Every structure is written in structure tokens, then in C-alpha cells.
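Biologist: Could you walk me through this one before I go back to the bench? I'd like to start with the strands and then move on to what is packed inside.

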Amino acid sequence: MPGPIRVLVAKPGLDGHDRGAKVVARALRDAGMEVVYTGLRQTPERIAQAALDEDADVVGLSSLSGAHRTLFPRVVEELRRRGLDDVVVIGGGIIPAEDIPALQEAGVACVFGPGSPTSAIIEFLRRAVAERRRGGTDGRESHGKA
Amino acid sequence: MGDDEKARCGPAEVARAMVAWESGTLAKALGRAPERETSFTTLSGLDRARLYVPDGGHDYLRDEGFPGEYPFTRGIQPTMYRGRLWTMRQYAGFGSADETNRRFKYLLEQGQTGLSVAFDLPTQVGYDSDDPMAEGEVGRVGVAIDTLADMETLFDGIPLARVSTSMTINAPAAVLLAMYVVLAERQGAPLDKLQGTVQNDILKEYVARGTYIFPPGPSMRLVTDLFAWCSENLQAWNTISISGYHIREAGATAVQEVAFTLANGLAYVRAAIGAGLDVDAFAPRLSFFFNSHIDFFEEVAKFRAARRLWARLMRERIGAKDPRSWMLRFHTQTAGSSLTAQQPLNNVVRTTLEALAAVLGGTQSLHTNSYDEALALPSEESVRVALRTQQVIAYESGVADVVDPLGGSYYIESLTDRIEAEALRYIDRIEEMGGAVAAIENGFMQREIEESAYRHQQLVESGARTVVGVNAFQVEEDTAPPLLAVDPEVGRRQVESLKAVKARRDGRAVEKALDELRRAAESPGEALMPRIIEAVRCYATLGEVCGVLREVFGEYQPTSGL
């Protein structure tokens, strides 16, 4: 039986605005997911390592400083370096629409901008993680807590 | 006036008449058509009565008084904007010092009356642009300043003796102020006349904004060290801007914004007194910074309540004697978190309402947000509309011609009393915990704010709180407005120019200055500001100065809230 969805919410870079990250973390927890929040000022390496240690299905990245262009792709890169190719990466914050295609190209599954209801994030993650667990061939889908 | 007539105007008579109105005229109307909601609340969750009438609980001379006099409810100056309008001060900075210098000159040409510097995040947390921690962040949310050379470029062609400059800088405030002072000396500007503000408010960084470096103890030493140096050398400078703005943006209510900001203010006052300063020597240079959110009357009342409460606390609890120590002078910024990415032009209207509330609340200076700020940093066009909004309020609307024009409104006075009383309850709770530093270290303020933020999100998602364009009146978005793009090459160019500065400076002088700073930092009670000034004068970098202090003071490790 796959356990609850495991989510790492992370703040890459130096941005200190974490109202959104905390609200999303709490809404996902209220929806039955297991959520770990990294706190501020995380490097891409630390975030990827935490995703591995926490056995995360999902990594949620938040940035309001404009550093998403550099840092979101770097997180995906570090996840892949650790063999976490199928972790679902989503992003949020102040992210201009014109930046979204490049982020998706880099492996960010979806970007939720200001005003996104948390219900939309929850729905998206349930679908994406169910797909991931169905398609998983490396056995990671059984890692969830029994 | 006869006794009879007096009795007819009294509160008891009003209360009796109100009962009659409720059971007569009102009941009939409600019988025909119910109200839109069963109860009405402010954005912060305070109840809103249907109608406010004189209730007799108010003592005009005690609670309102006259502008320019204790308790300053009606304003800190006797003539307010009839004398001088508020300072129009748009926060700006992005990319390189050179680009930001051009934006400053543009804003001054457009009639802005004060400068406000936004620094990039590496500068705000004490890293040079070539530090690995600065990856992706150089020049993004503000201008990158590594050395005095960048400061020279930033203010090129701008006489510091003739502008007032606000710098949003906290953990390394002393370092940036030191650079500004050296530049002013070189321009020949008299230091005791130099006007401006450093934010220098570290406590709210732990609570809400996140750009801390050192633990609270040494941070408070840096704050009070700056107070002491300025009271001797930079007498016209605002040594701190005690900020509720970011606390509110993080999700706090209006009451929490006032309470936590003033509690932090008391902590600074006590720390400075503890460091041996006389309260009336530094308190007149304390300034504040509030948010102006979208609930119009609540915000007007909030500013009035904050002003009265600070005056009472400083006079009665702290025992300050100089009336200038009782005055809460404040800057206001409209609420970034009230802006929507959807239908961005609607943000002009939100900002106008918020700016008007700040003016009716008696602000000393104002930043109006640009309509595109939920999407990106503001463009030149959007920032002009934001400034024009202030100019329309100032020069066309007539609201600036009467002092505290909403004073005496039954509703405003009742709400002012309520916000003051509830904020004071919070402050007393915080004082019982041992003050603001303790209430931050144990996570109390952070938890209260997170709770309010989550509650607000739930109200929006359930539709109980309407946000136009987001959960009501949506449209298919067609085109985004043209946005400001920060040159992606700015980081690389900044690293190159830093390298060049390091190559041409006197390395031995830098080393000597940093050693002296280290020795001073290691002995508690030693003044730091003079050593920091000497270090930046010989082009020591911000990262080098903060690096020395990091070694001596250590770094703050937040306890994870979640």
C-alpha cells in the first residue's frame, strides 16, 4: 500500500518571503500529506539531499526574488544527480509567465503563481504522484510509510 | 444652552434613541430585506457594527487632543500637510549601481522628493557578489553593493547634502551607513545635516523578513552601537525604522502589526538604555514603518492607534521626558500582498485606496506600489503611475488641506480605541514573556502570524473573503503588461568589477582595518562604527567586514517553525 504523499517544501536562495511556502505546507498537511519545510536559505545541493533523506515524492520550491531562473533548474539537476529523476518538482512565487516554459523544459512539472488556490496544488499533486507511483519501476513507490 | 438641551445631547439619551431606532425604523427595514451578511468583520477579523454613535466612553482631551501635542492621535505636527506634504519616496533598486543611479535620477526628475535604496539579497545578508551563496541573486531584488566604489556609482551626480536617503538594510546596516558617510565626507556634505534612514531593524528579520546574519545578542549590540555613533555624529539621521510592514506582509492582522512593532520598539529602547544611552538622546531619532492594507477604515484607525499607544508607552512606561521621544514618526508602504497577478491594472485602484488611508492616517512619507509587482519588479511606466497616484492625492483631492479629517468620526474613534486596547493586551503578554527578543526566540510572534496567514488563505479559498479577479469576477487573461527584466549578465559584470576594485586597493591597509574591527568586536562595549568606517574607507568589501563579524559573533540558526 502506498503511504501518504511525502512533500519537501523548500526555499532555495536568499529570499526570506516564506508566507506562501508555509501556507502551502500547512494546506498540504491538512490534506493528509506528510510535509517537511526546510526553512530559509537552502542551496540546491541541500534541498536535493533533504529530498533523498526524506524520501520525498514531491519537492515544492518557492522564490520571490527572481532567482528561480537559476535555482529551480539547479535543484532538478541535483535531484537527478542523486537518481531522483521522478520526484515531482513544482514551483511558486513571483514567476513571470515568460519564464515558465524554460522552467518546464528544465523539469519543473508545474508553476503555481500568486492567487493559486491550495486546492489546485493538492489536486495536481494527487494526480501527479499517483501517476508516478503507477509508473515507478524502481520500487520507490513502496517507500511510503506503511 | 439650558440643562434640558444638554441632557438631550447626552450619551444616555443617544443610547435610548438608538434602541428606539433599532426596534422601529431598523426592524421594519430588516423585515423587508435582510442585510448582505449575518455579521461584518474587518480584514483583521474585528467586528464591524452597523452604525456608530457617540457612546460617551471617549474623553476628547485625553484620547485625541490637538495635533502636535500628546498623545499625538491627530498627528505629530500642528499643521500636518498644510505645512509640508509627506515625502514621496519610491523604493527602487535593481541590477548594477549604474542602472539604479539612472532610475534614481528619473524618479527625482518626475518629482519624487526622497530616495529609497533597495539592495539585492546578497548585500542584505552580507555576502559579496562572488560568494557561492550569492548564486542567482545578484542584482535581482535590488542593487548589488560590494564596496565603497559601488556606492560612489550609485550616488554619482546626486548631492547627498540635498537629498534624504532611506536604505532598506538591516543586519549589515552599519556597513552600508559607513559607506554612505565616507561618500558624504568626500562630497563635502556636513554630517550633522545629513538626512535619511537606515532600516536597522533586526528583530523583524527574525520574525518575518528573513535577512538576518548574527544571533540576537550581538545584533542588538550592532543596533545600539549605531544609535550611539549617530547621536554624536549624524544627529539628523533616523537610526532605525522599526518595521511592521513585513510583519503584516507575512500575514499578521492590523492589531498584531501594531503590537509586535511597538513591542520590538520597546526592546530597542531598553537595549539602548541598557548600553548606557540617555533615552531622550536617541528616542527622537527612532522612526517607524507601517503597511497600509486594503481595509480602509481599519488602516486609518491603526495609524492613529499606533501613534497614541507609542506616546503613552514612551511617556508612562519608559519615562522619556522630551516630547519628541513620544512622537511616532512613520513611513508607509501600500500592501504588496494585496496586489493580484490577475488583471494587474486593478492594482492601481487598490494602491490608491491604501495610499489614501496612509495620508488620512498621518504618514510622514509614502511608497506606493506599482501595479505590476505581483508579476515582477516594477517597470519605469508602472512606477510613474504609482508616483502620480500620490501626486493626485496630494495636489488634486483636497484631502491634505485639513488636519486628521476623519478624527471625530464615531467609527474611526471607536476602531482607534479598539486597536489600541487589543495591541496593548498583546504587548503586555510579550512583556510577561520577557520582552520581544524572548517572544521571537520562543517563536510566539512567528506562530501568531502564521496562524493569521493561514486563516486568511482559508477565507479566500472558501469565498468568504472576496478578492476581485482572483476568486470573483475572473476573466481569461489575455496579455501581460511589459515587465522589467533584470539583465542576466549583471552578476557576471558585478563580479568582474569587484575583482578590479580588489586589485587596485591597498591590501595591507584593508587587512589592518579588518584586524582592528575584529579586536573591537571581541571586546564587548567597544565601539564598532568607527572601525567599520575605516575598513570601508580603504575599500574592504561588505563580505569581508561581515565575514569578520560572523567569525566573532556566529550566525543565527532559526528554530524550524514547521
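Modeller: One term is needed before that: two strands count as paired if DSSP finds at least two bridges between them. Please also keep in mind that this is a predicted model.

Biologist: OK, so how many bridges join strand E3 to strand E4 of chain B?

Modeller: Three bridges join strand E3, residues 115-117, to strand E4, residues 164-167, and these strands of chain B run parallel. Within that pairing, B:Val117 has B:Met167 as its bridge partner, while B:Ser116 stands opposite B:Ser166.

Biologist: And what joins E4 to strand E5 in chain B?

Modeller: Four bridges do, again with a parallel run, E5 being residues 195-198 of chain B; in this pairing B:Thr165 stands opposite B:Gly196. Together with helix H7, residues 173-187, strands E4 and E5 of chain B make a right-handed β-α-β unit.

Biologist: Which strands are at the edges of the sheet?

Modeller: The order is E2-E3-E4-E5-E6 in chain B, an open sheet of five strands with parallel pairing, and the edge strands are E2 (91-92) and E6 (237-238), each of which pairs on one side only.

Biologist: Switching topic: which residues touch the most other members of the largest nonpolar core?

Modeller: That core has 155 residues, and B:Leu262, B:Ile532 and B:Val545 touch the most other members. Helix H11 of chain B, residues 254-274, gives the most to this core, with 13 residues.

Biologist: What is B:Leu262 in contact with, then?

Modeller: Leaving aside neighbours within four places in sequence, the contacts of B:Leu262 include B:Ala306, B:Leu309, B:Trp310 and B:Ile427. Apart from this core lies another, of 35 residues, among them A:Ile5, A:Val7, A:Ile47 and A:Val76.

Notes
Residues numbered from 1 in each chain as written. Chains lettered and ligands numbered in written order. Predicted model: local features only at pLDDT ≥ 70, side-chain atom pairs only at ≥ 80, totals over all residues. Helix = DSSP H or I, 4+ residues; strand = E, 2+ residues; numbered from the N terminus. Right-handed = clockwise from strand over helix to strand, strands pointing away. Core = buried A, V, L, I, M, F, W, Y, C linked by C-beta atoms within 7 Å. Buried ≥ 20, exposed ≤ 12 C-beta atoms within 10 Å, placed from the backbone. Contact = placed C-beta atoms within 7 Å.
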